[in-house]
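Me: I should like to learn how burial and packing are read from a model. Where should one begin?

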Amino acid sequence: MRSLLLAAGLAALFIPSPVTTQKLVPYVPTAHEVVDRMLVLAGVTKDDVVFDLGSGDGRIPITAAKTYGAKGVGLDIDPDRIKESWVNAQAAGVERLVDFREQDVLKADISEATVVTLYLLSSFNERLRPILTKQLKPGTRIVSHAFSMGPTWPADKIDQFTTSRGDEITLYLWKADGKVRQ
């Protein structure tokens, strides 16, 4: 039995494990003040469908629903975050306006979005860029907290500000234009 466990342990050292999206992007909640500013920058209205990729505790879709009456959709790979999001949506009274899905954002259908929000690393945004530009209809707004889409797709607008806590924040806004960008 002991040699079987040792063999399994050694095999684990030499067999590469697949890298999951969850390991590529750490969970760091966006401050509520930044969430508000992201939704203002996107120009969210009650007619929008706001997709938050890597939605964590659901605060962006919930705020979009509660403040603007927009439909919110949160995608996250962590089942615990999805459960937490539903609890938060119920507490906010917006569970009818939001949906939370346990899903890898690199494999998701986001074509119904009119607004997409991100707080992902630049390297991950660059992986998302062809997916976003293939799926999103022209005019769809994309807002990223802190990270760009790389040099081949400069932002249409950049909003830099200092929060009440003294954090310097940069938000990026793009409008999908129908061009697929690799």
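Reply: One begins with a cut-off: a residue is called buried when its relative accessible area is under 20%. The model here is predicted. In helix 4 (residues 59–68), seven of the ten residues are buried, so this helix is largely enclosed by the rest of the structure.

Me: Which residues of helix 4 are buried, and against what do they pack?

Reply: The buried residues are Arg59, Ile60, Pro61, Ile62, Thr63, Ala64 and Ala65. They pack against helix 3 (32–42), helix 5 (79–92), and strands 1 (49–53), 2 (71–76), 3 (98–102) and 4 (115–118). After helix 4 comes glycine 69, with a positive phi near 75°.

Me: How should one read nonpolar burial?

Reply: In soluble globular proteins, nonpolar side chains tend to be buried together. In this model the largest nonpolar core holds 25 residues, and those touching the most other members are Phe51, Leu53, Val116, Leu118, Leu128, Leu132 and Ile142. Strands 1, 2, 4 and 7 (168–175) and helix 6 (122–135) each supply at least two residues of this core. Helix 6 contributes the most, with four. Another core, apart from this one, has 17 residues, including Val34, Met38, Val44 and Ala64.

Me: What is the relative accessible area of serine 144, and which side chain joins it in a polar contact?

Reply: Serine 144, in strand 5 (residues 141–145), is buried, with a relative accessible area of 0%. Its side chain forms a polar contact of 3.3 Å with that of asparagine 125. Leaving aside neighbours within four places in sequence, serine 144 is also in contact with residues including Met38, Leu118, Thr170 and Trp174.

Key
Residues are numbered from 1 along each chain as its sequence is written. This is a predicted model: local features need pLDDT of at least 70, side-chain atom pairs count only at pLDDT 80 or more; totals for chains, interfaces and linings use all residues. Side-chain values use heavy atoms; hydrogens and water are left out. Buried means under 20% relative accessible area, exposed over 50%, partly exposed in between (1.4 Å probe, protein chains only). Contact means heavy atoms within 4.5 Å. A polar contact is a pair of N or O atoms within 3.5 Å; within protein, one must be able to donate a hydrogen and the other to accept it, and residues adjacent in sequence count only if both atoms are side-chain atoms. A nonpolar core is a set of buried Ala, Val, Leu, Ile, Met, Phe, Trp, Tyr and Cys residues joined through side-chain atoms within 4.5 Å.
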